[in-house]
Amino acid sequence: MLPVALTPAASPAELEAIQAATAASIAVAWPDRTADLTRFAPALRDRFAALPLAEFQELRLAELWLAWAAADGDPDATALVDAEFIRPLVGVLRRTGLLPDQIEDALQEIRVRLLVGDGRPRLLDYAGRADLRAWMRTVAVRMAIDLQRKRRDAPADDDELLELPALGD
């Protein structure tokens, strides 16, 4: 049974309840995966200490664990995130109008931002309140918009500049 409220001073029994709930959620989402939850449960407790229990019970614990584990460097979790959540973004990126080489660049940038970040992997921002795939689609669309903006704002190459009429012509 889950604790009535999460607090930073949760008892070992409460942490075990969090681990059990997460393990059950993972078993449903990825039956062939096992997860070491000994570090995840305290991190989860610390992050959501002020969250009312009813809201905590609505969290997508399996996806939250996966995001946390991948951001924490777990190679199996990282591979799963890449295979099930990042690679399928190709279609989303294609629909934004990116060219094939831009799509590969965008996927690599998404991997870097989510799994490495700028000192902090962005996957740690995932709060487990929405579907991880939807959250990732949002990241991909924003990345595509940024890439298109950069391309539009990039200076022209030398050949394009030579084709422009000279001032005073």
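Which residues have the most contacts inside the largest nonpolar core? Select L66, L93, L123 and M136: these four have the most contacts inside the core, which has 46 residues. Bear in mind throughout that the model is predicted.

**Whole chain**

Start with a cartoon view of the chain. Nine helices appear, and zero strands. Followed along the sequence, the pattern reads α-α-α-α-α-α-α-α-α. Colour by relative accessible area next: of the 169 residues, 37% count as buried. If you draw a contact map, take the contacts with a separation of 6 or more; residues 24 or more positions apart account for 64% of them.

**The nonpolar core**

Return to the core of 46 residues. Two or more of its residues come from each of α1 (12-29), α2 (40-47), α3 (53-56), α4, α5, α6 (90-95), α7 (100-115) and α8 (132-153). Helix α4 gives the most to this core, with 10 residues.

Centre on L93, one of the residues with the most contacts inside the core. Leaving aside neighbours within four places in sequence, show what L93 is in contact with: L98, I103, A106, L107, I110, A140 and A144.

**Helix α4**

Select 61-71, which is α4. Is this helix enclosed or open to the outside? With 11 of its 11 residues buried, α4 is largely enclosed by the rest of the structure. The buried set runs through L61, A62, E63, L64, W65, L66, A67, W68, A69, A70 and A71. L66 in this set is also among the residues with the most contacts inside the core. Step just past the end of α4 to G73, where phi is positive, at about 95 degrees.

**The largest pocket**

Keep α4 displayed and add α5 (75-86); each of these two helices supplies at least two residues of the lining of the largest pocket. The pocket has a volume of about 220 Å³. Its lining consists of 14 residues, and A35, D36, W65, A69 and D74 lie nearest the pocket centre. W65 and A69 of this group are also on the list of buried residues of α4. By residue class, the lining divides into six nonpolar, two polar and six charged.

**Two stops on α7**

Select R111, which lies in helix α7. Which side chain does the side chain of R111 meet in a polar contact? The partner is the side chain of D82, at 2.6 Å. Not counting residues up to four places away in sequence, R111 touches D82, I86, R87 and V116.

Now move to Q102, found in the same helix, α7. Q102 has a relative accessible area of 12%, so it counts as buried, the cut-off being under 20%. Draw a distance from the side chain of Q102 to the backbone nitrogen of L99: the value is 2.7 Å. Beyond neighbours within four places in sequence, Q102 is in contact with L147 and R151.

**Last stop: α1**

Finish at A17, in helix α1. A17 is buried too, because its relative accessible area is 11%, again under the 20% cut-off. Add A41 and draw a line between the two C-alpha atoms: they are separated by 9.0 Å, while the residues are 24 apart along the chain.

Conventions. Residues are numbered from 1 along each chain as its sequence is written. This is a predicted model: local features need pLDDT of at least 70, side-chain atom pairs count only at pLDDT 80 or more; totals for chains, interfaces and linings use all residues. Side-chain values use heavy atoms; hydrogens and water are left out. On a 1 Å grid over the protein atoms alone, a cavity is a set of points where a 1.4 Å probe fits but cannot get out, and a pocket is an open set with protein on both sides within 12 Å along at least five of seven lines; lining residues have an atom within 4 Å of a point. Grid points are joined across faces, edges and corners, and a volume is the space filled by probe spheres set on the points. Helices (H or I, at least four residues) and strands (E, at least two) are DSSP runs, numbered from the N terminus. Ala, Val, Leu, Ile, Met, Phe, Trp, Tyr, Cys and Pro count as nonpolar, Asp, Glu, Lys and Arg as charged, and the others, Gly among them, as polar. A nonpolar core is a set of buried Ala, Val, Leu, Ile, Met, Phe, Trp, Tyr and Cys residues joined through side-chain atoms within 4.5 Å. Buried means under 20% relative accessible area, exposed over 50%, partly exposed in between (1.4 Å probe, protein chains only). Contact means heavy atoms within 4.5 Å. A polar contact is a pair of N or O atoms within 3.5 Å; within protein, one must be able to donate a hydrogen and the other to accept it, and residues adjacent in sequence count only if both atoms are side-chain atoms.
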